[in-house]
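Q: Please take a close look at a single part of this model. Set it in its surroundings, and keep it brisk.

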Amino acid sequence: MKRTAPSSRPTPPTPRSKPQVTRGRNIWLSHHVYVFFLSLGQFFSTPLANFMTSAVIAIALALPGGFYLLLENAQQITQTWAESSHISLFLNPQMAIQQAEILGQQLGQRQDIQSVRLVTSAEALEEYRKYSGFGEALNALEGNPLPNVLIIQPALAHLTPSLLQELDKLEEVDVAQFDMRWLQRLLTIIAVVQRGILILAGLLAITVLLVVGNTIRLAIFNRREEIEVTKLFGGTNAFIRRPFLYIGFWYGLVGGLIAWLLVNISFWLLRVPIQKLSTLYATEFEIITLDIQAGLILVVTGIALGLAGAWLAVGKHLRVIQPH
Amino acid sequence: MIIFNNATKRYPNGYEAIKQISFHIKKGEMVFITGHSGAGKTTLLRLIDLIERVTSGQLIVNGQHLGRISEKRIPDLRRNIGFTFQEHRLLYDRTIFDNVALPLMIAGYRHQDIRRRVRAALDKVGLLNKEKNYPITLSGGQQQRVGIARAVVNKPPILLADEPTGNLDPALAQEIMQLFIEFNQVGVTVVVASHALALIKTMRHRALVLQEGRLIGDTYPRN
């Protein structure tokens, strides 16, 4: 692009014709409305090609969106399981019940622990007698061989190995046992997958930018003559940029709507097998689908990516095109 | 209105299309620029419309030193200049009406104003009945007239025409020239580049003669 070197001499004040200023924002707005519909018409003038571009955006949005939703569902299931998981602290057999109660109260005040319940050795023995069927045999024992136990319900966010290790190191604790270790592993895996989906979403967002950018670039070169003639009759860069930005907008909007549809169709197809699965695990489980808010986020993301891709292409290529 | 002062246009490869030209076109004047092809007629017009920039010397249009104008100001300046091209440069996917309306759209006129002005411009060049047609259906002379309607539709104070009669037969060429004279009569400064010497002589207006980028003649009609 040619640029004149800034002149050291001040340019004389010159009378500028300012039709736009006096005609005001109305005209600016009406041009936007005009281009809005013009670009919509252009979008549908070659529907197949434009829908294909939108479909690329749709799939790029639907993939992370759908995975994210699957993950939400998985988290919902594990949450119900996690609520029933707990850590058992078998206390030293020499410890008195009062000491056990104090320890229980201390632990209950910690942030990473949701609740603490004390099962005394007597209660444990009574329970064992009732359910084990060895009632008579137990009567033969001298004294109670069972220790006092603190049943700890960790706060969900703190379902980590470090909590277990920490509790295990307490002097009063004989053995700390996490009875749902696999669940904790599952939660860790979910966290890993969550990160993976974020990375995937980032890569797909870049893909959308490139696809839209390339499509707009082709559109710009197809309409080179129009751009040149517009510049020859005093069209500003903003004026020329506008229709291309709107095309990007339409790609994004249509892509976002298709993505919404794709996710909903996919989950409708998954609904029956997922419900079967949940009855097998005997859990009350309502499948999470895209609500209005999440759907709108999908569409707005599509629009933002479409606009950004168009902006990148237009910014780069418009300056190169100068009238000859 | 248009002042060339020792203006030179040198291309990066060293070729000088315009060599140290000086002349002054007054407001409301009608001037022909003539010379063989390659003499620099088109370049001269392109310098005025800021499609090219002078590399040395001065060029002042409408009181503005074009050598110092920033890229950002170019659109504003071009809106005060109507330009018709030898190869028409119409947009072939748009109707005649939309082609002529383009400068008004760019300048942000109201829809009613656009319709009124486009009709008036098309009426002036005798193509009002073609407004819904596409350029491809028109003859060369008609396309040239659409280009003229587009150039004058927003009533610019300056009108530049590059070989407007290029491929037209003498009668049509005469008609086109007559149109420019009519615009000049309502106060527009008109500059027409043309190699049709015989035709220009009959027009009885000032003529600048170029040869290999130099101004070799500046003739006024004798009464």
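A: A strand here is a DSSP run of E with at least two residues, and strands are numbered from the N terminus. The model is a predicted one. By that definition, Ile152(A) belongs to strand β3 of chain A, which spans residues 149-154. Start there, then move to chain B for the close look.

Is Ile152(A) buried or exposed? A residue is buried if 20 or more other C-beta atoms lie within 10 Å of its own. Ile152(A) has 24 such neighbours, so it counts as buried. Beyond the residues within four places in sequence, its contacts are His86(A), Ile87(A), Leu89(A), Leu107(A), Ile113(A) and Val116(A). Lys316(A) is 164 residues away along the chain, and the two C-alpha atoms are separated by 61 Å.

The domain assignment gives the setting. Domain 1 of chain A takes in 27-80 and 186-317, while domain 2 covers 86-179. The C-alpha centres of these two domains lie 53 Å apart. Chain A as a whole has eleven helices and four strands. Of its 324 residues, 24% count as buried. Take the contacts in chain A between residues at least 6 apart in sequence: 88% of them join residues at least 24 apart.

Now the part itself: helix α3 of chain B. It spans residues 96-107 and gives seven residues to the largest nonpolar core, the largest share of that core. The core has 70 residues, and those that touch the most other members are Val100(B), Ala149(B), Leu159(B) and Leu160(B). In soluble globular proteins, nonpolar side chains tend to be buried together.

How many residues of α3(B) are buried? Nine of the twelve are, so the helix is largely enclosed by the rest of the structure. The buried residues are Ile96(B), Asn99(B), Val100(B), Ala101(B), Leu102(B), Pro103(B), Leu104(B), Ile106(B) and Ala107(B). Asn99(B) and Pro103(B) are among them, alongside Leu102(B) and Ile106(B).

Val100(B) deserves a stop. Leaving out residues up to four places away in sequence, it touches Val118(B), Ala121(B), Leu122(B), Val146(B), Ala149(B), Arg150(B) and Val153(B). Apart from this core lies another, of 33 residues, which includes Ala60(A), Phe244(A), Tyr251(A) and Leu305(A).

Next, the helix partner. Two packed helices are described by the angle between their axes and the distance between the axes. For α3(B) and helix α5 of chain B (residues 140-152), the axes come within 7 Å and cross at roughly 35°. The crossing is right-handed. On the α3(B) side, the contact is made by Ile96(B), Asn99(B), Val100(B), Leu102(B) and Pro103(B). On the α5(B) side, Val146(B), Ala149(B) and Arg150(B) take part. An α-helix has 3.6 residues a turn, so residues three or four places apart point the same way.

Look at both ends of the helix. Ahead of α3 in chain B comes a loop from β6 (81-84), and His88(B) sits in it. His88(B) has a positive phi of about 70°, although it is not a glycine. It counts as buried because it has 21 C-beta neighbours inside 10 Å. Arg89(B) lies in the loop between β6 and α3 of chain B. Its phi is also positive, near 55°, and it is not a glycine either. With 17 C-beta neighbours inside 10 Å, Arg89(B) counts as partly exposed. After the helix comes Gly108(B), with a positive phi near 80°.

Two strand features of chain B complete the tour. One is an open sheet of four strands, ordered β2-β1-β4-β5, with antiparallel pairing. Its edge strands are β2 (16-25) and β5 (64-65), each pairing on one side only. Six bridges join β1 (residues 2-10) to β2(B). Ile3(B) stands opposite His24(B) in β2(B).

The other is a hairpin of β9(B) and β10(B), with two residues between the strands. Five bridges join β9 (206-211) to β10 (214-219), and the two run antiparallel. Ala207(B) has Thr219(B) as its bridge partner. In the turn, Glu212(B) has a positive phi of about 45°.

Conventions. Residues are numbered from 1 along each chain as its sequence is written. Chains are lettered from A and ligands numbered from 1 in the order in which they are written. Two residues are in contact if their C-beta atoms, placed from the backbone, lie within 7 Å. Two strands pair if DSSP finds at least two bridges between them. Domain bounds come from an automatic or database domain assignment. A nonpolar core is a set of buried Ala, Val, Leu, Ile, Met, Phe, Trp, Tyr and Cys residues joined through C-beta atoms within 7 Å. Axes are lines fitted to C-alpha atoms, for helices over the stretch in contact, and angles run from 0 to 180 degrees between N-to-C directions. A crossing is left-handed if the near helix is turned anticlockwise from the far one by less than a right angle, and right-handed if clockwise.
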